[in-house]
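Work through these exercises with the sequence and the model open side by side. Each task is followed by a worked solution.

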Amino acid sequence: MAKQSVAEQYVDVLVRAGVKRLYGVVGDSLNPVVDAVRRNKGIDWVAVRHEEAAAFAAGAEAQVTGKLAACAGSCGPGNLHLVNGLFDAHRSMAPVLALASHIPSTEIGTTFFQETHPDRLFVECSHYSELVSHPGQMPRVLQTAIQHAVGRRGVAVLALPGDVAAQEAPTSAPEHALVTSRPSVRPGDEEITRLARMIDDAEKVTLFCGAGTAGAHAEVMEFAERLKAPVGHALRGKEWIQYDNPFDVGMSGLLGYGAAYEATHECDLLILLGTDFPYNAFLPDDVKIVQVDVRAEHLGRRTKLDLAVWGDVRETLRCLNPLVTPKTSRRFLDRMLKRHAEALEGVVKAYTRKVDRHVPIHPEYVASVLDEEASDDAVFTVDTGMCNVWAARYLSPNGRRRIIGSFSHGSMANALPQAIGAQFTDRRRQVVTLSGDGGFAMLMGEFLTLVQHDLPVKVVLFNNSSLGMVELEQMVSGLPSHGTANTDTDFAAIARAAGAHGVRVEKPKQLRGALREAFRHKGPALVDVVTDPNALSIPPKIKAEMVTGFALSASRIVLDGGVGRMVQMARSNLRNLPRP
């Protein structure tokens, strides 16, 4: 057996774990690993312009595929740039392995050029962060890192000095079988029995669903039918639970809509399914609450629980559905469905008056047309801020589309680099960003990454020349907007200068054609849409003391706004109500 370097062994283990590519920016301490990738046909090096983008791309790939993804940064400043994207991946529960290369091992602790301590720096955004200081630790430490990332769904980091990477790997080191997928987790019989009893004793039950309902749509629908329960969702649950859902009452939270808030507050029993919904101001404090989650540390940390059930949603409901006595009365469900439809009808009327002729263009109109024109299996990546609002209100899930954003970490500039990772998983699949001009400009260099790798990502830029969400926060606080204005920039011209397709849209009648042209284009494309910075209407009841960062989370008030095709679904559900 030919001798291997530590770097070669590292790359071989990645390939054996199913990793297809390593995102990063080259640097001297990374050279042994980059060269090992060059010589290994099972993995590609993906050059990006900024290491933060490498981490975002890896996180998005992991979310699209459900499998381990990887990124790397050179010593000191290089791997420091990974930190924001790794925080996002970790909080999104995306299995990502990060390589933080390090200064020469003999210089550690001497305040050497570019010295940091990456094994300490990444502790807060990882399940595992360790230093490889001797070849003898390999491959066991690497395999342990992979098990942490996959098994606990999050980030693992290895700090590897460049000189150690170049050394000869031990030939007698054992190779362990790698775990690359997660098991199903079933609750105990006692919890299942108690939950079934609580459901049978309750007259009005509401389900509130998060990202943990992924893969459990059929089970949740059967459960809702047996309980005659309205089904609300958090933003991260939207793509998994909203489609083909005759029990849908919308979304709760500041960006929410419909009757989800009422349904969660007027029930006797609220069941939280796979959600770590952080805004407890939107949760009731006078009804019984049960939470089902595969991560025990999530149970009860947002609200007081009457029962905590540790298990994944699908397996829990498979055990529970046969034990629950079907309810016969639809009175509560029908009342919530009617209230939901009425709420959506009201905002639709307010947001569709002459919207196709309004200049500057309503961002709601842009999101609505985009939803209609995008593919049925498109992957949408969404910038934090006002683009979250438009995605929450207008993108229509169908079980095949994906919606990815920095929904837990709340970082700006996430959409473009996440699109890189999503597109690499399948070049034939449509990947579309909903980018704000502020977020896009922050990591605009990654548009060059699209061009360099000929990735056919379509960037739809909501260009209101401002940091819209921050301006909103200032206004709600009673402050004049300050520091939020951006220069009016022709991003389409920049795209064309970079060698990509770019078009600027200033009138509504140009929009649909511009989107269709971009979608037909074989390579990267950017549609720069000049949008109205004053599009969002603010409820008058929000007070300054209610503002808490991005989510205005202390408020129970929901922002006004349109709801796109969701009103059609609400109308359909209403038509299907049984007649007395």
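The model is predicted.

**Exercise 1. Find the strands that helix 3 lies across, and give its angle to strand 15.**

Solution.
- Start with the strands. Helix 3 lies across strand 14 (379–382) and strand 15.
- Then take the direction. Helix 3 runs at about 150° to strand 15.
- Now place these strands in their sheet. The sheet is open, has 6 strands and follows the order 15-14-16-17-19-18, with parallel pairing.
- Look at the ends of that order. Strand 15 (402–405) and strand 18 (501–505) each have a single partner strand, so one side of each is left without a neighbour in the sheet.
- Add the twist. From one strand to the next it averages 15°.

**Exercise 2. Describe the pairing of strand 17 with strand 19.**

Solution.
- Locate the strands: strand 17 covers residues 458–463, and strand 19 covers residues 525–530.
- Read the sense and extent. The two pair in the parallel sense over 6 bridges.
- Pick one pair as a check. F462 stands opposite V529 in strand 19.

**Exercise 3. Give the strand order of the open sheet that contains strand 2 and strand 5, and name its edges.**

Solution.
- The order is 2-1-3-4-6-5, and the pairing is parallel.
- The edges are strand 2 (44–47) and strand 5 (128–131), each pairing on one side only.
- The twist averages 20° from one strand to the next.
- Within this sheet, turn to strand 1 (residues 21–24) and strand 3 (residues 69–73). They pair in the parallel sense over 3 bridges.
- One of these positions is G24, whose bridge partner in strand 3 is A72.
- Next, the packing. Helix 3 (residues 51–65) packs on this sheet and touches strand 1, strand 3 and strand 4 (96–102). The direction of helix 3 makes about 170° with that of strand 3.
- Helix 5 (residues 83–91) lies across strand 3, strand 4 and strand 6 (155–161). Its angle to strand 6 is about 145°.
- Combine this with Exercise 1. Helix 3 packs on the sheet here, and helix 3 also lies across strand 14 and strand 15.

**Exercise 4. Characterise two helix crossings: helix 15 with helix 22, and helix 1 with helix 7.**

Solution.
- Two packed helices are described by the angle between their axes and the distance between the axes.
- Begin with helix 15 (residues 363–373) and helix 22 (residues 508–520). Their axes come within 10 Å and cross at roughly 40°. The crossing is right-handed.
- List the contacts. Y365, V366, V369, L370, E372 and E373 in helix 15 meet P508, L511, R512, L515, R516 and F519 in helix 22.
- Sort that contact by class: 8 nonpolar, no polar and 4 charged residues.
- Move to helix 1 (residues 6–16) and helix 7 (residues 140–151). Their axes come within 10 Å and cross at roughly 35°. This crossing is right-handed.
- Y10, V13 and R16 in helix 1 meet L142, Q143 and I146 in helix 7. By class, that contact has 4 nonpolar, 1 polar and 1 charged residues.

**Exercise 5. Which residues line the largest cavity, and which lie nearest the centre of the second largest pocket?**

Solution.
- Count first. The structure holds 1 cavity of 30 Å³ or more.
- The volume of the largest cavity is about 30 Å³. L272, T275, D276, F277, L283, Q291 and R302 line it.
- That lining divides into 3 nonpolar, 2 polar and 2 charged residues.
- Now the second largest pocket, with a volume of about 550 Å³. Of its 33 lining residues, M386, N464, L467, G468 and M469 lie nearest its centre.
- Helix 16 (386–394), helix 18 (437–442) and helix 20 (468–476) are the elements that give two or more residues to this lining. Helix 20 gives the most, with 7 residues.
- By class, the pocket lining has 16 nonpolar, 12 polar and 5 charged residues.

**Exercise 6. Where do the cis bonds preceding P139 and P360 lie, and where is T111?**

Solution.
- Most residues other than glycine have a negative phi, and most peptide bonds are trans.
- The bond from M138 to P139 is cis, with omega near -5°. P139 lies in the loop between strand 5 and helix 7.
- The bond from V359 to P360 is cis, with omega near -5°. P360 lies in the loop between helix 14 (331–351) and helix 15.
- T111 has a positive phi, near 55°. T111 sits in the loop between strand 4 and helix 6 (118–121).

Key:
Residues numbered from 1 in each chain as written. Predicted model: local features only at pLDDT ≥ 70, side-chain atom pairs only at ≥ 80, totals over all residues. Heavy atoms only, no water. Axes fitted to C-alpha atoms, helices over the stretch in contact; angles between N-to-C directions. Helix = DSSP H or I, 4+ residues; strand = E, 2+ residues; numbered from the N terminus. Left-handed = near helix turned anticlockwise from the far one by under 90°. Contact = heavy atoms within 4.5 Å. Nonpolar A, V, L, I, M, F, W, Y, C, P; charged D, E, K, R; others polar. 1 Å grid on protein atoms, 1.4 Å probe; cavity = no way out; pocket = protein on both sides within 12 Å on 5 of 7 lines; lining within 4 Å. Points joined across faces, edges and corners; volume = space filled by probe spheres on them. Pairing = 2+ DSSP bridges.
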